[in-house]
Amino acid sequence: MRFRAAVLRSYDTRFGVEELILNAGPADGEILVRIAGCGMCRTDLVVRSSSGRTPLPAVLGHEGSGVVVETGGPDTGLRAGDHVVLSFDSCGHCRNCIGAAPAYCDSFASLNLFGGRPEGAARLTDASGGELAPRWFGQSSFAEYAIVRARNAVRVDPSLPVELLGPLGCGFLTGAGAVFNSFGVGPGDTVAVFGAGAVGLAAVMAADAAGAVTVAIDRYPERLAVAERLGATPLHAASSGLPERIQRLTDGGAQYALDTTGSARLINDALLSLRPTGHLGLVARLRTELPLRPGTLDRGRRISHICEGDAVPALLIPRLTELWQAERFPFDQLIRTYPLADINEAERDCDAGRVVKPVLIPEGTGG
């Protein structure tokens with residue numbers, strides 16, 4: 001079959017929308033999905049600075065959602081017509097996958113970041129017959145169609161706006177999962193969120209839904225205004241005495257802090273804003289050494305890295321859609337849609353902080 005997709009051909013060029021050819025349908029355990037929408041995540045964009053570790057040319061996109069068109073084999077648990085959200089890939093049989101921690105799959109990097117499943121090679125080609133890299137994050141959903149392992153797909157209520165649900169498979173899943181799973185936030189707890197982008201604002205919404213007192217820190221006034229509307233007290237990242245301000249707002253220090261920025265200065269401020277035994281979670285990938293100021297890890301404070309919100313997507317995504325239906329997780333307020341043809345405009349707006357979560361729509365117009 002032929003369909004259109006956004007292709008990245010080199011690390012220093014823009015995306016180009018091309019006609020591609022899928023040379024084989026879904027194999028055993030796979031599904032073919034007609035993509036209704038796909039969120040653009042920072043992880044898609046950092047491919048440009050991945051030092052060549054992500055093979056190109058490739059179709060990126062890993063926050064897809066859509067409708068199942070065809071299934072491969074009898075054991076997918078899905079059928080044509082099902083609405084699904086697509087999430088990250090995992091092997092399903094390593095110790096961590098068996099232990100309900102698929103985000104820490106032994107093969108996570110190879111399956112998601114560095115080329116995908118080798119059995120998917122050569123099935124996707126361009127109009128001249130040139131091969132594209134296997135599936136990005138198990139889906140490659142900057143496209144009209146995607147071949148996906150059924151393991152990656154979560155069935156959702158067909159009454160929901162499927163074109164907007166894709167970010168629940170990664171960005172929103174990560175922020176909300178950090179709050180619900182990694183921290184176990186409950187009523188009256190205190191949370192400081194550093195960075196009010198898609199992941200940080202998902203954490204703000206989840207903390208508010210859990211009944212926590214939340215402070216949001218960012219450099220963009222527009223994003224702080226959104227965080228305040230979602231229930232957080234806003235603080236500018238350049239404020240002097242940031243740890244002390246957070247301690248006053250949280251009655252002696254936050255129990256939990258989430259850093260989405262990767263900034264060494266803000267990570268140190270986050271640690272110092274914690275009360276004794278407080279927990280700081282990092283979701284950004286650190287690319288340099290992290291110097292810590294004296295005293296940051298005193299009094300039982302601890303720091304850990306959180307991948308994909310410690311989530312089992314099949315459990316957390318339905319929880320998030322239920323919260324949205326109850327008007328307690330209004331993620332749709334963070335989304336701006338773009339036609340797939342406008343992917344480069346969406347990337348520019350994302351880089352400039354003009355949009356929290358771009359969602360690309362393969363057909364129709366953005367809004």
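**Group meeting: strands, cores and salt bridges in a predicted model**

Good morning. Let us begin with strand S5, residues 83-86, where His 83 and Val 85 point one way while Val 84 and Leu 86 point the other way. All four of these residues are buried. The arrangement follows a general pattern: in a regular strand, side chains alternate between the two faces of the sheet. Please keep in mind throughout that the model on the screen is a predicted one.

What does S5 pair with? Strand S4 pairs with S5 in the antiparallel sense, over three bridges. S5 also pairs with strand S8, residues 153-156, again in the antiparallel sense, and here over four bridges. His 83 takes part in both pairings: Val 67 has His 83 as its bridge partner in S5, and His 83 stands opposite Val 156 in S8. As a reminder for those new to the subject, the strands of a sheet pair through backbone hydrogen bonds, either parallel or antiparallel.

I turn now to an open sheet of three strands, with the order S1-S2-S6 and antiparallel pairing. Its edge strands are S1, residues 2-7, and S6, residues 124-126, and each of them pairs on one side only. On average, neighbouring strands of this sheet are turned by 45 degrees against each other, with direction ignored. Six bridges join S1 to strand S2, residues 16-22, in the antiparallel sense. One example is Ala 5, whose bridge partner in S2 is Glu 18.

A further open sheet has six strands, in the order S11-S10-S9-S12-S13-S14, and its pairing is parallel. Why do S11, residues 233-236, and S14, residues 302-305, count as the edges? Each has a single partner strand, so one side of each is left without a neighbour in the sheet. From one strand to the next, the twist averages 20 degrees. At the S14 edge, strand S13, residues 274-282, pairs with S14 in the parallel sense over four bridges, and Leu 280 has Ile 303 as its bridge partner in S14. Helix H4, residues 171-183, lies across S13 and strand S12, residues 254-259, and runs at about 135 degrees to S12.

The next topic is the interior. In soluble globular proteins, nonpolar side chains tend to be buried together. In this model, the largest nonpolar core has 103 residues. Which of its members touch the most others? They are Val 59, Phe 142, Phe 172, Phe 180, Phe 329 and Phe 331. Helix H5, residues 198-209, supplies the largest share of this core, with ten residues. There is also a second, separate core of 17 residues, which includes Ile 217, Ile 246, Ile 267 and Ala 270.

Val 59 deserves a closer look. Leaving aside its neighbours within four places in sequence, its contacts include Ala 5, Ala 6, Val 7, Leu 20, Leu 124 and Phe 142. Ala 5 is thus a contact of Val 59 as well as the bridge partner of Glu 18.

Finally, let us consider charged residues. Side chains of opposite charge can pair when their charged atoms come close. The structure holds 15 salt bridges, and I shall discuss three.

The first joins Glu 347 to Arg 48, with the closest N and O atoms 3.0 Å apart. This pair links distant parts of the chain, 299 residues apart: Glu 347 is in helix H10, and Arg 48 is in the loop between helix H1 and strand S4. Are these two residues buried or exposed? Glu 347 is buried, because its relative accessible area is 2%, and Arg 48 is buried at 18%, since buried means under 20%.

The second salt bridge joins Lys 357 to Glu 63, and the closest N and O atoms are 2.9 Å apart. Lys 357 lies in strand S16 and Glu 63 in strand S4, so the pair ties together parts that are 294 residues apart in sequence. Lys 357 is buried at 2% relative accessibility, and Glu 63 is buried at 0%.

The third joins Arg 336 to Asp 349, at 3.3 Å between the closest N and O atoms. Arg 336 belongs to strand S15 and Asp 349 to helix H10, so this pair ties together parts 13 residues apart in sequence. Arg 336 is partly exposed, with a relative accessible area of 34%, whereas Asp 349 is buried at 6%. These two residues also belong to a network of salt bridges that links Arg 336, Glu 345, Asp 349 and Arg 354.

Thank you for your attention.

Methods
Residues are numbered from 1 along each chain as its sequence is written. This is a predicted model: local features need pLDDT of at least 70, side-chain atom pairs count only at pLDDT 80 or more; totals for chains, interfaces and linings use all residues. Side-chain values use heavy atoms; hydrogens and water are left out. A salt bridge is a side-chain nitrogen of Lys or Arg within 4 Å of a carboxyl oxygen of Asp or Glu. Helices (H or I, at least four residues) and strands (E, at least two) are DSSP runs, numbered from the N terminus. Buried means under 20% relative accessible area, exposed over 50%, partly exposed in between (1.4 Å probe, protein chains only). Two strands pair if DSSP finds at least two bridges between them. Axes are lines fitted to C-alpha atoms, for helices over the stretch in contact, and angles run from 0 to 180 degrees between N-to-C directions. A nonpolar core is a set of buried Ala, Val, Leu, Ile, Met, Phe, Trp, Tyr and Cys residues joined through side-chain atoms within 4.5 Å. Contact means heavy atoms within 4.5 Å.
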